[in-house]
Amino acid sequence: MTAPAIIAATPAEADRPPVTYRPAGDRHILIEYGEAELDLRLNFFVIAVLDRLRQDPPAGLVEAAPGLRSILVAFDPDQTTRAHLLDALTAVHEQQGEISSLVIPSRRITLPIAFDDSSSTEAVKRYTTTIRKDAPNTAGGNNIDYVVEYNGLADREALYETVLATEWWNAFTGFFPGLPFMFPLDTRREITVPKYNPTRTWTAEGAVGIGGSCVAIYPVESPGGYQMFGRTVPIFDILDRHRIFADDPLLIRPGDRVQFVRVSEDELLEFRRQVFEDRYEYQVEDAPFVVADHLAETEKNAAEAAALRARRDEAAKNVEVP
């Protein structure tokens, strides 16, 4: 007998999103909030629910992994049933405050970034040599000029200023262990760009790139499809070579904010060496995220953000997609 695609649902109420519960195999429940759209308000709700589950886990809960607007909940069938867990999850949703009232545990992580670094240039060179030499996003031997053109920015410096002028919200972590999927909290700094087609076979660890409207840091050397514009220090180390990774090999958690600070490539390489020698000082501070303050700032900047978005969309119409 085929299991139903939806096992329970709760409608929206005031400033709380609707929720849908789906079976995901024999040991998981997938919780989905709101509609299938890029809305950070839904992710704020996800991170708040995730924190509640960690603080007071229901019986039988093994793990809860967040997505942009979802949480995949794993449970032990020897300790609970899907029905009992569903009741507990429904109670958590009912106890959760409205989105605008949330104060989310968060950290501010300041990371150095060297723009137009040599490792990214090398990745583009390998791609054009072995995979696709006519890709429009690699013209000039880099991805930066393509990102600038696609977003209607004046020049490279305008792109760099866009990246530096906002905190980047880590909505969730995945794809490779420790890879953060980050979005700008200042809506005036939104940028977007298509991904590689086909993908690269090599990307340097620490590369910073963008695909769609999401900025990511590559935690390990790997294939990749995001357009690269810089590099930073290690954010993942399962070997625990630096004390920051002593308790967790992943530096950036869901709900953290990343602030980039510009450095030269020589400075970055020195910082990276210091990381492996356990001498580098990572800048990590507890900084609870007040959603009401963010929403107020977003509302204040709405008209400017809309104008910039329209300019970006118009520019993208005239740019070839890979």
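In this predicted model, helix H1 (40–55) and strand E4 (61–66) each put at least two residues into the lining of the largest pocket. H1 gives the largest share, with five residues. The pocket itself has a volume of about 440 Å³. A total of 21 residues line it, and those closest to its centre are Leu50, Arg54, Arg253, Pro254 and Gly255. Sorted by class, the lining comes out as nine nonpolar, four polar and eight charged residues. Both domains take part here: domain 1 (8–98) and domain 2 (107–317) each supply at least three residues of this lining.

Next comes the second largest pocket, at about 360 Å³. Its lining is made up of 17 residues, with Leu38, Leu40, Pro184, Thr187 and Glu190 the closest to the centre. Helix H1 turns up again, since the elements that give two or more residues to this lining are H1, strand E9 (180–184), helix H7 (291–300) and helix H8 (302–316). As for the kinds of residue, seven are nonpolar, five are polar and five are charged. And where does this second largest pocket lie? Domain 1 (8–98) and domain 2 (107–317) both hand residues to its lining, so the pocket sits between them.

Away from the pocket linings, Arg16 is worth a look of its own. This arginine is found in the loop between strand E1 (8–10) and strand E2 (19–23). Is Arg16 buried or exposed? Its relative accessible area is 12%, and buried means under 20%, so Arg16 counts as buried. Setting aside neighbours within four places in sequence, Arg16 is in contact with Phe45, His93, Glu94, Gln96, Gly97 and Glu98. One of these partners, His93, also offers its backbone oxygen, which lies 2.9 Å from a polar atom of the Arg16 side chain. For a sense of distance across the chain, Arg16 and Tyr226 are 210 residues apart in sequence, and their C-alpha atoms are 33 Å apart in space.

Put together, helix H1 contributes to the lining of the largest pocket and to that of the second largest pocket. Domain 1 and domain 2 likewise both give residues to the lining of the largest pocket and to the lining of the second largest one.

Terms used
Residues are numbered from 1 along each chain as its sequence is written. This is a predicted model: local features need pLDDT of at least 70, side-chain atom pairs count only at pLDDT 80 or more; totals for chains, interfaces and linings use all residues. Side-chain values use heavy atoms; hydrogens and water are left out. On a 1 Å grid over the protein atoms alone, a cavity is a set of points where a 1.4 Å probe fits but cannot get out, and a pocket is an open set with protein on both sides within 12 Å along at least five of seven lines; lining residues have an atom within 4 Å of a point. Grid points are joined across faces, edges and corners, and a volume is the space filled by probe spheres set on the points. Helices (H or I, at least four residues) and strands (E, at least two) are DSSP runs, numbered from the N terminus. Ala, Val, Leu, Ile, Met, Phe, Trp, Tyr, Cys and Pro count as nonpolar, Asp, Glu, Lys and Arg as charged, and the others, Gly among them, as polar. Domain bounds come from an automatic or database domain assignment. Buried means under 20% relative accessible area, exposed over 50%, partly exposed in between (1.4 Å probe, protein chains only). Contact means heavy atoms within 4.5 Å. A polar contact is a pair of N or O atoms within 3.5 Å; within protein, one must be able to donate a hydrogen and the other to accept it, and residues adjacent in sequence count only if both atoms are side-chain atoms.
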